[in-house]
Amino acid sequence: MGGHLARGSHAASSVTSELTLRFERGTLVIDGPWGDEVPGVLWDPRSSSRRSAAHRFGALVTAASLRGATITGDLRSGWAPAPRSARDLGLRPYQSQALAAWAAFEQRGVIVLPTGAGKTRVAIAAILNVGVPAAVLCPTRALAAAWKVELERWVGAPIGLIGDGHRLVERVTVLTFESAYRHMDTLGDRFGLIVVDEVHHFGGGVRAEALEASAAIARLGLTATAPPRTSEAAAAIEELVGPVVFEMGFADLVGTHLADVTLTRIAVRLEPDEREAYERGVRRHDELARAFRRAYPGGDYASLVRAVAGTSDGRRALRNNAQALELAAFPRAKRRLVGELLSRHVGDKSIVFTAYAENAYQLALDNLVPVITGETGVRERQYILDQFSKGTLRTIASARVLNEGIDVPDARVAIIVAGTQGKREHVQRIGRVLRPAPGKHALVYELVTAETTDARRAHTRGMNAPRSSTQFPSARG
Amino acid sequence: MLQDRLLSFRRLEGDRVVPTWLTSRDEVWLRVLVDEAEAFAGRSADAADDRVREAVMPIARLHGAGARAVLGVWCVERRRWKKRVASKVPPEQIRRTVFGLAVGRSRPEALDEASRQLGLAPADIEDSLFADREGTRVLVPPGSPPTPAELALRYNLALAQAMLMRSFEVVAQIRANARRAVGYAKLHGLMATFESHDQGTKVTLSGPLALFHETTKYGRALAGFLPALAVTPAWSLAAQILLGGRRHELVLDATAPLPRTHALPASSDSGVERRLAVDIRRLASGWELAREDTVVRVGSRLFYPDFTLVSARGRVLVEVVGYWTPEYLANKAEALRAVEVPLVVCVDERHARGDLSPRPGILAYRGRVDASALVAEAERMLGAATAASA
């Protein structure tokens with residue numbers, strides 16, 4: 001055994017230690033006298049060759065340099081760096097710290113900053129400093145368009161865009177998660193750096209291929225809400241992007257780098273007919289849920305749904321329950337209250353967040369205010385955001401589209417009609433009004449339907465969410 | 001594409017699943033759907049959906065078909081319909097005007113002013129404000145209504161493909177046209193392996209990343225293979241699919257009621273091959289590139305060379321390899337030595353790794369295969385083979 005090892009280390013210093021790599025459809029085909037010990041390298045009987053997913057390129061480079069081995073077909077030769085100063089960006093101190101932390105972790109890691117704290121600026125500084133061809137991945141087409149505009153402003157060169165009908169690759173290229181999922185296997189050898197906006201989306205393993213198929217060694221993830229450190233989601237993100245290298249919460253920034261904020265929760269009641277419909281809708285579901293918990297104490301909701309969905313009675317119960325929840329999310333009292341709040345804040349820029357797109361359209365019709373949902377076209381969305389920015393439009397109704405993103409102009413009032421996505425959504429929505437301005441004091445109204453699941457959801461999502469930075473005496477309810 | 005919630009299938013023993021096909025038994029309720037749809041022209045998409053639920057579902061249920069099948073069929077049929085926006089003024093223009101006017105005005109004032117500016121009654125404004133939403137658009141029927149049988153076949157194909165979209169590996173048994181499977185796989189970036197047996201060829205298709213974990217990334221490409229497969233005789237297929245996060249095996253065969261009119265996918269002519277065919281013809285050396293399907297059996301595995309050079313003197317197989325590693329080449333050469341087939345492998349020298357010293361049967365090229373060098377190599381191979389057998 002010892003002799004074998006000695007031969008191995010001898011070989012490492014000779015030319016036979018050379019490793020040849022070839023990028024093939026999001027994978028690396030590996031040829032050489034070693035490589036099997038690098039995690040993720042497998043023998044592929046389909047092609048009679050060793051193969052790894054492309055994101056292992058960094059690990060292979062490290063292994064090769066430890067052996068003093070040369071790499072033929074080194075993808076880095078296509079990524080000649082042209083680093084530039086990011087001084088013009090005028091980073092705030094905590095943004096510079098975040099960037100330095102990421103660099104110290106060998107340019108692999110996640111930066112956690114609240115919405116409004118300028119994650120985009122940090123990423124653009126990273127792109128300029130590293131200076132290699134870069135891909136920016138983001139969840140939606142709306143965000144991709146916004147990234148392109150912002151990058152054009154600072155990079156000073158044409159910016160590529162893949163998705164939404166565009167297929168243009170430039171030195172810096174923006175892709176939606178969906179287009180990265182589809183096309184990274186043909187483009188994955190072109191980028192030395194990938195920036196992943198809203199990186200928490202990759203915690204569940206969905207569309208992980210978008211990141212696996214890229215050979216980029218430098219990886220930067222951005223999010224306002226990283227998954228808990230010991231969770232599976234955190235491990236998945238660490239594997240594909242890197243560990244959390246810098247984290248700052250609302251509390252660290254509110255009042256200094258973020259605006260002061262007051263949160264007001266307003267409880268409303270169902271009217272008698274609504275109450276009756278609600279109770280009828282949830283009854284069978286609640287019975288089944290109680291029976292399930294007796295039989296499987298500690299069973300989670302997903303297994304309850306799986307168990308219940310097996311019978312037509314169970315499916316009907318789930319359907320009726322879902323309808324009851326929709327009712328509780330938007331009863332007549334909330335609908336009226338939104339109108340009152342909007343007329344109270346007629347001079348303020350306000351964003352109204354609903355749980356369901358239909359509710360946003362209803363509020364738009366009631367109050368004659370523009371609405372942005374997944375159905376809204378690019379041109380109209382940009383028009384609304386521009387007018388809102390200028391102040392010629394002062395209210396936007398939205399379901400989920402404005403939850404996250406860099407392109408939403410500053411607002412002072414957020415009216416949270418209801419949510420379905422829990423804590424993360426809640427934090428992001430509040431972040432929408434936190435961009436600082438001289439003398440600004442932001443207001444967040446959260447409407448909650450008493451004695452329904454709507455109230456329980458509000459309670460859960462409020463845990464660990466931002467609190468009012470100062471006490472404000474106007475709460476009612 | 002059918003959404004997850006519209007997939008209708010039956011579980012067999014183990015984790016095997018088969019699609020719930022529509023057959024002649026379903027024609028009664030399909031006829032009802034076709035009849036109802038005649039009245040859908042000019043109605044909104046949402047209203048049509050509601051009508052399908054109200055009028056067709058109860059009858060379908062009497063014939064043993066569930067809500068998923070009914071909504072699935074209507075989803076497939078509705079793709080043939082067009083939609084138009086029923087509004088005299090484009091809704092986006094109405095919204096710009098109304099929402100702009102509503103800043104600093106009461107609702108009735110804003111509607112009155114908008115009504116003057118747009119020349120629409122206030123009630124029309126409210127109706128047209130969101131008339132361009134998908135569900136409020138008005139349906140325009142296709143040229144001719146389908147027959148119930150056509151509807152069933154189209155739905156069956158959509159259902160099978162939707163399930164295959166969730167696959168990460170497909171194993172197909174084919175009796176003929178295995179070569180088309182090669183072309184298809186190459187064109188779509190899939191990896192294919194072949195094994196021959198008494199009844200034909202077993203083709204295994206999967207994507208490069210499937211080596212590392214179950215991935216449905218290649219589902220679209222794998223599903224696209226089905227129409228071509230379904231026109232071959234006595235085919236069968238077993239696909240590993242993910243449904244609700246769990247692994248299942250989808251089994252399909254030639255008894256499935258699928259349309260059989262689909263054209264085979266074109267084989268992927270490469271530029272190198274086209275240019276080479278022209279160059280060889282120009283040489284007038286008596287050699288030609290043959291297009292017939294050649295298959296080489298190596299043990300139980302099959303090998304499909306890119307093309308065949310034919311002359312009065314004999315046949316030589318030609319494989320063009322853009323990328324290669326010495327290991328790949330050694331494997332291929334060894335396999336083919338075992339069957340003693342004359343073969344020339346053309347390798348792209350830009351991607352050549354390691355020792356490129358001239359070897360029998362290996363020809364380096366850059367951008368374009370040199371036709372005369374290839375012919376010379378073929379002559380030499382045949383000469384060597386003749387010498388060996390003499």
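**Figure 1. Where chain A meets chain B.** Put the two chains of this predicted model together and about 3,900 Å² gets buried between chain A and chain B, with carbon and sulfur atoms giving 57% of that area. On the chain A side, Arg22(A), Arg46(A) and Leu368(A) lose the most area to chain B, and together they make up 20% of what that side buries. Count up who takes part in the contact and you get 45 residues from chain A and 44 residues from chain B.

**Figure 2. Polar links across the contact.** Here we zoom in on the charged and polar pairs. There are 5 salt bridges between chain A and chain B. One to look for joins Glu380(A) to Arg95(B), whose closest N and O atoms sit 2.6 Å apart. Polar contacts between the two chains come to 14 residue pairs, counting pairs with both residues at pLDDT 80 or more.

**Figure 3. What chain A brings to chain B.** Both strands and helices pitch in on this side. The elements that each supply at least two residues include strands β1 (19–24), β2 (27–31), β3 (42–44) and β4 (49–53) of chain A. Helices of chain A on that list include α6 (177–187), α7 (209–212), α14 (357–367) and α15 (378–390). The largest share comes from α14(A), with 5 residues. Sorted by class, the side of chain A that touches chain B has 18 nonpolar, 18 charged and 9 polar residues.

**Figure 4. A cavity lined by both chains.** The model has 2 cavities of 30 Å³ or more, and this view shows the second largest, with a volume of about 40 Å³. From chain A, its lining takes in Pro370(A), Glu380(A), Tyr383(A), Ile384(A) and Leu393(A); from chain B come Glu92(B), Arg95(B), Arg96(B) and Phe99(B). You'll recognise Glu380(A) and Arg95(B) as salt-bridge partners. Two elements give two or more residues to this lining: α15 of chain A and α4 (91–102) of chain B. Of the lining, α4(B) gives the largest share, 4 residues. By class, the lining splits into 5 nonpolar and 4 charged residues, with no polar ones.

**Figure 5. A salt bridge inside chain A.** Over all chains, the model has 53 salt bridges. This close-up picks out one of them, where the side chains of Arg67(A) and Glu37(A) meet at 3.1 Å, N to O. The pair ties together distant parts of the chain, 30 residues apart. Arg67(A) belongs to helix α2 (residues 57–67) of chain A, while Glu37(A) lies in the loop between β2 and β3 of chain A.

Terms used:
Residues numbered from 1 in each chain as written. Chains lettered and ligands numbered in written order. Predicted model: local features only at pLDDT ≥ 70, side-chain atom pairs only at ≥ 80, totals over all residues. Heavy atoms only, no water. Contact = heavy atoms within 4.5 Å. Buried area = accessible area lost by both parts, 1.4 Å probe. Salt bridge = Lys/Arg side-chain N within 4 Å of Asp/Glu carboxyl O. Polar contact = N/O pair within 3.5 Å; in protein donor to acceptor, adjacent residues only side chain to side chain. Nonpolar A, V, L, I, M, F, W, Y, C, P; charged D, E, K, R; others polar. 1 Å grid on protein atoms, 1.4 Å probe; cavity = no way out; pocket = protein on both sides within 12 Å on 5 of 7 lines; lining within 4 Å. Points joined across faces, edges and corners; volume = space filled by probe spheres on them.
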